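Biologist: Please take me through one part of this model at close range. Set it against the whole chain, and then tell me what else deserves a look.

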Amino acid sequence: MPRIETDIKLDFKDVLLRPKRSTLKSRSEVDLTRNYTFRNSKGSYTGIPIIAANMDTVGSFEMALALHRFTLFTAIHKHYSVDDWRGFAAKHPECIQTGIAVSTGTSDGDFEKLSAIVAAVPQLQYICVDVANGYSERFVQFVKDVRQKFPTHTIMAGNVVTGEMVEELILAGADIIKVGIGSGSVCTTRKKTGVGYPQLSAVMECADAAHGLGGHIISDGGCTCPGDVSKAFGAGADFVMLGGMLAGHQECGGEVVEKEDSSGMYKRFYGMSSDTAMKKHAGGVAEYRASEGKTVEVAYKGPVEATVRDVLGGVRSTCTYVGAAKLKELSRRTTFIRVTQQLNTVFGDDSWTF
């Protein structure tokens, strides 16, 4: 019989952070660096735990180089060739070691390509096993297979939104679980399938499950502004993954195109389950499935550096408001207040999204 869970589940838009007394004099005093040791790989991480999503318009080698200068991380999309990886690694070995994950799907061909890339670039430390639906037995078995073949690599795996699957994936060998279904800016899974989970509640519940086992999570999707990034960290996310907020920049894949009406320049941004992505990489949408992503035109924003500084500045400011001298302290200093309105929109709310 169907049943309804009556507990209220919340999204980033449903809450604000309550300010608290602070001894910090300036946001410049805030340390955003985190240090993690991973449960299964035993590997270690040091950096600012914001990740560019492994979408082929965002998770590019060019983006990785730009973000690495800020000690941010990039999950590289899975459509680069082995030769592409070999060439990039030869030129940028420091970025390969500390700032990049290689992404893979779960087919036999994906496993073979992953193995070839890791063999060609032995400095790689991170593997991102990425599917839209992390609830299948095949996915769990694939994570086990990857762990068995690469025992010392740190494995990211997802996506899921519930504690029991977080626990199962960690026990299967994953170190960091990607949390989020349907929350992305160009994802239409909720519209096409009716499946999803409000992101704030998903992060809180999944973080609790992961941390109980010594694992970590990524909040993947749902961020529209720097304040949402802070809310994700406050809810317990160890990492926050960004797609739409990093779209449209110089470092993103695709060409800069001028609008036909001469109203400006733009770059295309699309979900990896969109009709655009499947035509590009798989010859089209298979007869048995539907597109679960959309394609949009994002105003060209130039180099990503300004956006990165804006995001980091916002998170530092959050920490000063709640009295967290380090990002590590933010979740312990967080009290969420339920609200019905985020902004004063008398002059519009265009600034709310990037």
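Modeller: The whole chain comes first, then one sheet at close range, then a hairpin and some single residues.

This is a predicted model, in which local features need pLDDT of at least 70 and side-chain atom pairs count only at pLDDT 80 or more, while totals for chains, interfaces and linings use all residues. Residues are numbered from 1 along each chain as its sequence is written, and side-chain values use heavy atoms, with hydrogens and water left out.

Start with the whole. The protein chain has eleven helices and 15 strands. These are DSSP runs numbered from the N terminus: helices (H or I) of at least four residues, strands (E) of at least two. The radius of gyration is 20 Å, which agrees with the value near 20 Å for a compact globule of 354 residues. That radius is taken over C-alpha atoms, and the globule rule is 2.2 Å times the number of residues to the power 0.38. Along the principal axes, the C-alpha atoms fill a box of roughly 55 × 55 × 55 Å.

Of the 354 residues, 51% are buried. Buried means under 20% relative accessible area, exposed over 50%, and partly exposed in between, with a 1.4 Å probe and protein chains only. Take the contacts (heavy atoms within 4.5 Å) between residues at least 6 apart in sequence: 67% join residues at least 24 apart.

Now the sheet. Three strands form an open sheet, in the order E12-E13-E14, with antiparallel pairing. E12 (257–258) and E14 (295–299) stand at the edges with a single partner strand each, so one side of each has no neighbour in the sheet. Strands count as paired if DSSP finds at least two bridges between them.

Go across the sheet. E12 and E13 pair over two bridges, in the antiparallel sense. Here Val257 stands opposite Tyr266 in E13. On the other side, five bridges join E13 (residues 265–270) to E14, again running antiparallel. Lys267 faces Val298 in E14. Tyr270 stands opposite Thr295, also in E14.

A hairpin makes a useful second stop. E2 and E3 form it, with six residues between them. Four bridges join E2 to E3 (residues 44–47), and the two run antiparallel. Asn35 stands opposite Thr46 in E3. Side chains alternate along E2 (residues 34–37): Arg34 and Tyr36 point to one face and are buried, whereas Asn35 and Thr37 point to the other and are not.

The hairpin turn leads to the backbone. Most residues other than glycine have a negative phi, and most peptide bonds are trans. Lys42 has a positive phi of about 65° although it is not a glycine. Lys42 sits in the loop between E2 and E3. With 62% relative accessibility, Lys42 counts as exposed. Thr71 also has a positive phi, near 60°. Thr71 lies in the loop between H1 (61–68) and E5 (73–76). Its relative accessible area is 39%, and Thr71 is therefore partly exposed. Then there is a cis peptide bond, from Gly158 to Asn159, with omega near 20°. Asn159 belongs to E8 (residues 154–160).

H1 comes just ahead of that Thr71 loop. In H1, Phe61, Met63, Ala64, Ala66 and Leu67 are buried. The buried residues of H1 pack against several elements, among them E5, H2 (82–91) and H11 (305–322).

One last residue is Phe336, in E15 (residues 336–338). Phe336 is partly exposed, at 21% relative accessibility. Phe336 and Val15 are 321 residues apart along the chain, yet their C-alpha atoms are separated by 5.9 Å. Leaving aside neighbours within four places in sequence, the contacts of Phe336 include Val15, Leu200, Met204 and Lys231.
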